[in-house]
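Please open the model in your viewer and keep the sequence panel beside it. This tour suggests one selection after another and says what is found at each stop.

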Amino acid sequence: MTEQKITVRAPGEPPVDYVLGEGAVVIGRDPACDIRVPSQYVSRRHIRLEPREGEIVLTDLGGRNPVYVNGGAITGSATVLPGDSIGIADVVIDLEGDPAGSGTVVFAPPPPASTQAKATAGTDSGIRSVWRGQDLGPGGTLSIMFTDLEKSTNMVTELGEREAYQVLKLHNQVLREQFQAYRGHEAKRIGDGFLVLFASVRDALNCAVSIQRQLLATHSPEPIRVRVGIHIGEVLWDENDIFGSAVNFAARVSAQAEGGEVLISALLREVIAPSGEFGFEEARTVSLKGFKGEHSLTPLRWRD
């Protein structure tokens with residue numbers, strides 16, 4: 001029997017990969033579930049996945065929020081295939097096909113949550129994948145990008161659940177394609193945005209420019225406008241999270257950005273400006289919560 005791999009993505013948590021065995025597994029918020037998903041929108045026992053040869057039978061166990069497959073709501077049971085995407089509110093479960101050599105968590109039996117996090121760190125899904133396996137110890141100087149989808153909270157009301165899910169799915173797809181193309185590491189998903197780390201300032205800025213251009217050219221029921229903020233500095237981490245003053249500063253920069261804008265810190269501009277590769281709009285001076293004084297932030301010029 002061909003093993004089936006799934007990737008579970010929940011807000012505020014690193015993506016966790018599982019390889020399903022031959023038996024059915026239950027996914028929900030309850031710690032007693034085979035795969036626990038820490039989201040308030042997921043019911044205690046929400047869905048069951050039953051692997052079969054080349055496919056998986058998905059059963060809705062009656063959770064309070066609907067279950068979507070590729071944007072379409074299901075009732076009862078449905079067959080899902082490699083490449084399909086299952087959505088439950090803010091949680092996405094991707095079916096990724098053959099897991100050989102991917103360094104995933106093998107599901108049989110389920111490890112504790114702490115073991116799952118340890119299994120992911122140090123594989124190609126972990127933070128150190130930014131340096132292709134080079135161990136820099138407890139920290140490193142990186143370009144830190146935060147993204148945020150503008151007006152995401154109003155999207156369900158204005159578009160309805162199905163259309164809003166499709167927009168969010170398209171947003172995630174475009175951004176993740178660019179993260180991969182420019183060697184960014186998705187360290188964390190935060191609500192409808194991402195925290196991404198880059199070993200190269202050039203890669204971070206090119207990625208941000210490409211994100212905005214791709215979104216501008218994307219056909220969507222609702223224009224997808226993303227705020228992007230980037231800073232550079234020391235990053236610290238443990239097995240489950242990253243932290244540090246530079247991370248907090250990057251988050252504040254992102255909060256100052258407007259939809260469709262790439263906003264960078266003065267330090268990052270100082271690092272990259274001598275290259276002459278990037279254009280800048282007029283800088284603005286702002287106060288940032290938690291940081292003393294006034295700070296100069298510069299929008300990156302990305303439109304042709």
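What should the 21 residues of H3 span at 1.5 Å a residue, and how far apart are its end C-alpha atoms? The expected span (1.5 Å times one less than the number of residues) is 30 Å, and the end C-alpha atoms of H3 are 30 Å apart, which agrees.

Before going on, note that this is a predicted model, in which local features need pLDDT of at least 70 and side-chain atom pairs count only at pLDDT 80 or more, while totals for chains, interfaces and linings use all residues. Residues are numbered from 1 along each chain as its sequence is written, and side-chain values use heavy atoms, with hydrogens and water left out.

**The whole chain**

Colour the protein by secondary structure, and you should find 6 helices and 21 strands; helices (H or I, at least four residues) and strands (E, at least two) are DSSP runs, numbered from the N terminus. Of the 304 residues in the protein, 50% are buried, where buried means under 20% relative accessible area, exposed means over 50%, and partly exposed lies in between, with a 1.4 Å probe and protein chains only.

**Two helices**

Select H3 again and show its side chains: the buried residues include Tyr-165, Leu-168, His-171 and Phe-179. Just beyond, H3 is followed by Arg-183, whose phi is positive, near 60°.

Move next to H4, whose 16 residues should span 22 Å at 1.5 Å a residue, and whose end C-alpha atoms are 23 Å apart, which agrees. Ser-200 caps the N-terminal end of H4, with a side-chain oxygen 3.2 Å from the backbone nitrogen of Arg-202. Among the buried residues of H4 are Val-201, Leu-205, Cys-207 and Leu-215.

**The nonpolar cores**

In soluble globular proteins, nonpolar side chains tend to be buried together. The largest nonpolar core (buried Ala, Val, Leu, Ile, Met, Phe, Trp, Tyr and Cys residues joined through side-chain atoms within 4.5 Å) has 31 residues, and those with the most contacts inside it are Met-145, Phe-179, Leu-205, Ile-230, Val-262 and Leu-268. Among the elements that each supply at least two residues of this core are strand S13 (139-149), helix H3 (161-181) and helix H4 (201-216), and the largest share, 8 residues, comes from H4.

Now select Leu-268, which touches (heavy atoms within 4.5 Å) Ser-143, Val-201, Leu-205, Ile-230, His-231 and Ile-232, not counting residues up to four places away in sequence. A second, separate core of 24 residues includes Val-25, Ile-27, Val-67 and Ile-93.

**An open sheet**

Select S4, S3, S5, S6 and S9, which in that order form an open sheet of 5 strands with mixed pairing; two strands pair if DSSP finds at least two bridges between them. S4 and S9 stand at the edges, each with a single partner strand, so one side of each is left without a neighbour in the sheet. Strand S6 (residues 55-60) runs antiparallel to S9 and is joined to S9 by 4 bridges, and the bridge partner of Leu-58 in S9 is Ala-78.

**Two loop residues**

Which residues does Ser-39 contact, leaving aside its neighbours within four places in sequence? Ser-39, in the loop between strand S4 (35-36) and strand S5 (47-52), is in contact with Arg-29, Asp-90 and Val-91, and Ser-39 is buried, with a relative accessible area of 4%.

Finish at Thr-75, in the loop between strand S8 (72-73) and strand S9 (77-80), which is exposed, with a relative accessible area of 77%.

Conventions
A polar contact is a pair of N or O atoms within 3.5 Å; within protein, one must be able to donate a hydrogen and the other to accept it, and residues adjacent in sequence count only if both atoms are side-chain atoms.
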